[in-house]
Amino acid sequence: MEMEEHLKSCTQSKSKCLSKKFIGVFVSSLFLVIILFHIQYSSPFEFSLSARSQRWGLLSQENYSGVIETMTEELKKSVTFLPLVDLRFRDTATTGHTWFISSLNDTLEENEAEHLYFPSKASDGRLLCFKGRDNRDGTKNSYALAWQGSLPDSAILLEGLTFVSDTYYNHDNLWHGICAMTPLVGWSMKNECLKPARWVLFHWGELRLRMGSWLQQLMQANFGEVKVEGFDRGDVPYCFEKAIVMRHDLGQMTQENKLKVSDLLRCKARSYCRLNPSGKGTEINERGFPIIRLTLLMRRGSRSFKNATAVSDIFAKECARVEGCFLQVVQSEDLSFCDQVKVLTNTDIVASPHGAQLTNMLFMDRGSSVMEFFPKGWLENAGPGQYAHHWMADQSGMKHQGAWWDPIGVECPSPQDRLHCFLFHKDGMVGHNETYFAEWAGRVIDQVRLSKVERASVDQEKQQHDSKACAC
């Protein structure tokens, strides 16, 4: 019965059963054909695809190279040189972004002088480039930023680290020069004692080809050979692989960091001049009194003493009053760099008229004393600049024991004009007051004698401090 029903059902839907069987055979056959086709033609087909891909890759690479070349040329053309000094900022030449490379703001790091560094995130990875070597007009020199792969045509790439210093004053004067160099030395100390391959010097954006001999030897003592770049290989752009730019002199350097720089330079200068001052602070004579060395550092011409012999006699008399005190009178112009280092290394008290020679106080031990003398007219007309060696004493760790301003001399013919009066008195000579000088010298000598007695007990700590000063 069941068989009959099945046959009947199949008979009624015969066409449907045949259709299913046909579909099954067709699919199986197609699958077999595909397998055979793949076996026979797979290698040529894959090779064809690979060759086609390589052809497209070559075309893409050629197009990519062409695009890169085009972009590089466009970047070269887009490099824009701007005046190194922007006269629009003449009235704020030393503040903010200054008038030197005025389009860029400084990098500010805690306790450090403001500076610019290239390449950096602030410069978008671009290098600093200069063009021009005018030494009379900073607006005729120019600067630009460029990526190393797209430097201006004919540009010369100067490899290594470059120190760039622009000062409103100059690199010849001892005081102004060391103020310009101190932040560069400080930056080097903070950055693993990096040394420059070259120096580029500007004053108001005007190129300078040298620094003063004293300053150069001091930098040489610390960094080794000093090479000042003159851009003398043609009127082309010069780009720096790495460059640090200082344009604020001491800027926002903290007192602590100024002292660290002074300690380093003092130590390096003594080593350069082959001096070993160990034990100097605790020297005593045969009777057990501390040795005190007093130096009269004289100068010729402007701001020299009218009667140098009389001044020397006053100080000699006061020094002789204290056992262990020795006086030396030296002429600053007659001393070589190392002579100056030696004299001041062996000085506890320096007395000198106002002038660049007082910058040599740097070479005395920390805590040594400074006495300063001025011609008539300076107190009233010289302005804050007359306190430069007070500032120098602070940043080098010395005690400025005051100053004496000569009250006697020719009066300024136009007292209402302060600038005229300063220029009138600027190069005057210094008189003396025997009573005041004797009391002042005696007081300072006594203070130094007492401090030496007290310092003897902590000399070991001082020697440990000195040993760290030459860390770089």
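Biologist: Between which two strands is the loop in which P119 lies?

Modeller: This is a predicted model, in which local features need pLDDT of at least 70 and side-chain atom pairs count only at pLDDT 80 or more, while totals for chains, interfaces and linings use all residues. Residues are numbered from 1 along each chain as its sequence is written, and side-chain values use heavy atoms, with hydrogens and water left out. Helices (H or I, at least four residues) and strands (E, at least two) are DSSP runs numbered from the N terminus. On that basis, the loop with P119 lies between strand 2 and strand 3.

Biologist: What is the omega of the peptide bond that joins F118 and P119?

Modeller: Most residues other than glycine have a negative phi, and most peptide bonds are trans. The bond between F118 and P119 is cis. Its omega is about -10°.

Biologist: D124 lies in the loop between strand 2 and strand 3; what is its phi?

Modeller: D124 is a residue other than glycine, yet its phi is positive. The value is near 55°.

Biologist: T98 also has a positive phi; is T98 buried or exposed?

Modeller: T98 lies in the loop between strand 1 (82–83) and strand 2, and its phi is about 60° although it is not a glycine. Buried means under 20% relative accessible area, exposed over 50%, and partly exposed in between, with a 1.4 Å probe and protein chains only. The relative accessible area of T98 is 1%, so T98 is buried.

Biologist: Which strand pairs with strand 8 in the parallel sense?

Modeller: Two strands pair if DSSP finds at least two bridges between them. Strand 2 (residues 116–118) is antiparallel to strand 8, with 3 bridges, and F118 has A243 as its bridge partner. Strand 3 (residues 127–131) is also antiparallel to strand 8 over 3 bridges, with F130 opposite Y238. The parallel partner, with 8 bridges that include the one from L158 to F240, is strand 5.

Biologist: How many of the 9 residues of strand 8 are buried?

Modeller: Strand 8 covers residues 238–246 and is mostly covered. The number of buried residues is 7.

Biologist: What is the relative accessible area of V200?

Modeller: V200 is in strand 6 (residues 198–203). Leaving aside neighbours within four places in sequence, V200 is in contact (heavy atoms within 4.5 Å) with F130, T162, F163, V164, S165, L207, E229, F231 and F240. T162 is 38 residues away in sequence, while the two C-alpha atoms are 7.2 Å apart. V200 is buried because its relative accessible area is 0%.

Biologist: Which residue with a positive phi follows helix 4?

Modeller: Helix 4 (213–223) has several buried residues, among them W214, L215, L218 and M219. These buried residues of helix 4 pack against strand 5, helix 3, strand 6, helix 5 and helix 7. After helix 4 comes a residue with phi near 95°, namely G224.

Biologist: Between which domains does the largest pocket lie?

Modeller: On a 1 Å grid over the protein atoms alone, a pocket is an open set of points where a 1.4 Å probe fits, with protein on both sides within 12 Å along at least five of seven lines; lining residues have an atom within 4 Å of a point. The largest pocket has a volume of about 750 Å³, the space filled by probe spheres set on points joined across faces, edges and corners. Of its 27 lining residues, the closest to its centre are Y169, W175, H176, G385 and A388. Two domains, with bounds from an automatic or database assignment, both give residues to the lining, so the pocket lies between domain 1 (77–262) and domain 2 (292–457).

Biologist: Which helices each supply at least two residues of the lining of the largest pocket?

Modeller: Strand 5 also supplies at least two residues of this lining. The helices that do so are helix 3 (174–190) and helix 9 (388–396).

Biologist: Q395 is found in helix 9; what is its relative accessible area?

Modeller: Q395 touches W175, T182, L250, Q255, K258, L259 and S262, not counting residues up to four places away in sequence. Q395 is buried because its relative accessible area is 3%.

Biologist: Is N276 buried or exposed?

Modeller: N276 lies in the loop between helix 5 and strand 9. Its C-alpha atom is separated by 9.9 Å from that of K342, which is 66 residues apart from N276 along the chain. With a relative accessible area of 64%, N276 is exposed.
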